[in-house]
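User: I'd like to go through the reasoning behind the labels for this model. Could you set each value against its definition as we go?

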Amino acid sequence: MALPMDPAEQIVKDDAYDVDLALRVWQLAVNTHERHTCIVKCKGWWYKNFAVASEQSTLARMAICAASSEHRSFYRKKVRSV
């Protein structure tokens, strides 16, 4: 991602992240490996947050189960094992 304009805010853990946003989008569009890596990371983040939301909120669990048959079967198995 592009770094902030203020030099004091330009703290990057790794030089790999010091890439302009337009260049990063282009890399995702043309590079299959980059695209796959991004999808894997996004799915992991998404499912982790699904789990947190479903554990903290009954309403969120019902909404997630209504939207996804995969999650619905997972939560049914989880309730049966308790």
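User: What makes H1 roughly perpendicular to H2?

Analyst: The axes of helix H1 (residues 21-30) and helix H2 (residues 32-56) cross at roughly 100° and come within 5 Å. Angles of 65 to 115 degrees count as roughly perpendicular, under 35 as roughly parallel, over 145 as roughly antiparallel and the rest as oblique, so H1 is roughly perpendicular to H2. The axes are lines fitted to C-alpha atoms over the stretch in contact, with angles from 0 to 180 degrees between N-to-C directions. On the H1 side the contact is made by Arg24, Gln27, Leu28, Ala29 and Val30, and on the H2 side by Thr32, Glu34, Arg35 and Cys38. Contact here means heavy atoms within 4.5 Å.

User: How is that contact of H1 with H2 divided by class?

Analyst: There are 4 nonpolar, 2 polar and 3 charged residues. Ala, Val, Leu, Ile, Met, Phe, Trp, Tyr, Cys and Pro count as nonpolar, Asp, Glu, Lys and Arg as charged, and the others, Gly among them, as polar.

User: Before we go on, what kind of model is this, and how are residues numbered?

Analyst: This is a predicted model, in which local features need pLDDT of at least 70 and side-chain atom pairs count only at pLDDT 80 or more, while totals for chains, interfaces and linings use all residues. Residues are numbered from 1 along each chain as its sequence is written, and side-chain values use heavy atoms, with hydrogens and water left out.

User: Why are H2 and H3 called oblique to each other?

Analyst: The axes of H2 and helix H3 (residues 58-67) cross at roughly 130°. That angle falls in none of the three named ranges, and H2 and H3 are therefore oblique to each other. Here Phe50, Ala53, Ser54, Glu55 and Gln56 in H2 meet Thr58, Ala60, Arg61 and Ile64 in H3, which divide into 4 nonpolar, 3 polar and 2 charged residues.

User: How do you know that Tyr75 counts as buried?

Analyst: Tyr75, in helix H4 (residues 69-81), has 7% relative accessibility. Buried means under 20% relative accessible area, exposed over 50% and partly exposed in between (1.4 Å probe, protein chains only), so Tyr75 counts as buried. Not counting residues up to four places away in sequence, Tyr75 touches Phe50, Ala51, Ser54, Arg61, Ile64 and Cys65.

User: And what makes Trp46 partly exposed?

Analyst: Trp46 has 46% relative accessibility, so it counts as partly exposed.

User: Why is the pair of Trp45 and Trp46 called tilted?

Analyst: The whole structure has 1 aromatic pair. The ring centres of Trp45 and Trp46 are 6.1 Å apart and the planes are at 40°, so the pair is tilted. Rings of Phe, Tyr and Trp (its six-membered ring) pair if their centres lie within 6.5 Å, and planes under 30 degrees apart count as stacked, over 60 as edge-to-face and the rest as tilted.

Key:
Helix = DSSP H or I, 4+ residues; strand = E, 2+ residues; numbered from the N terminus.
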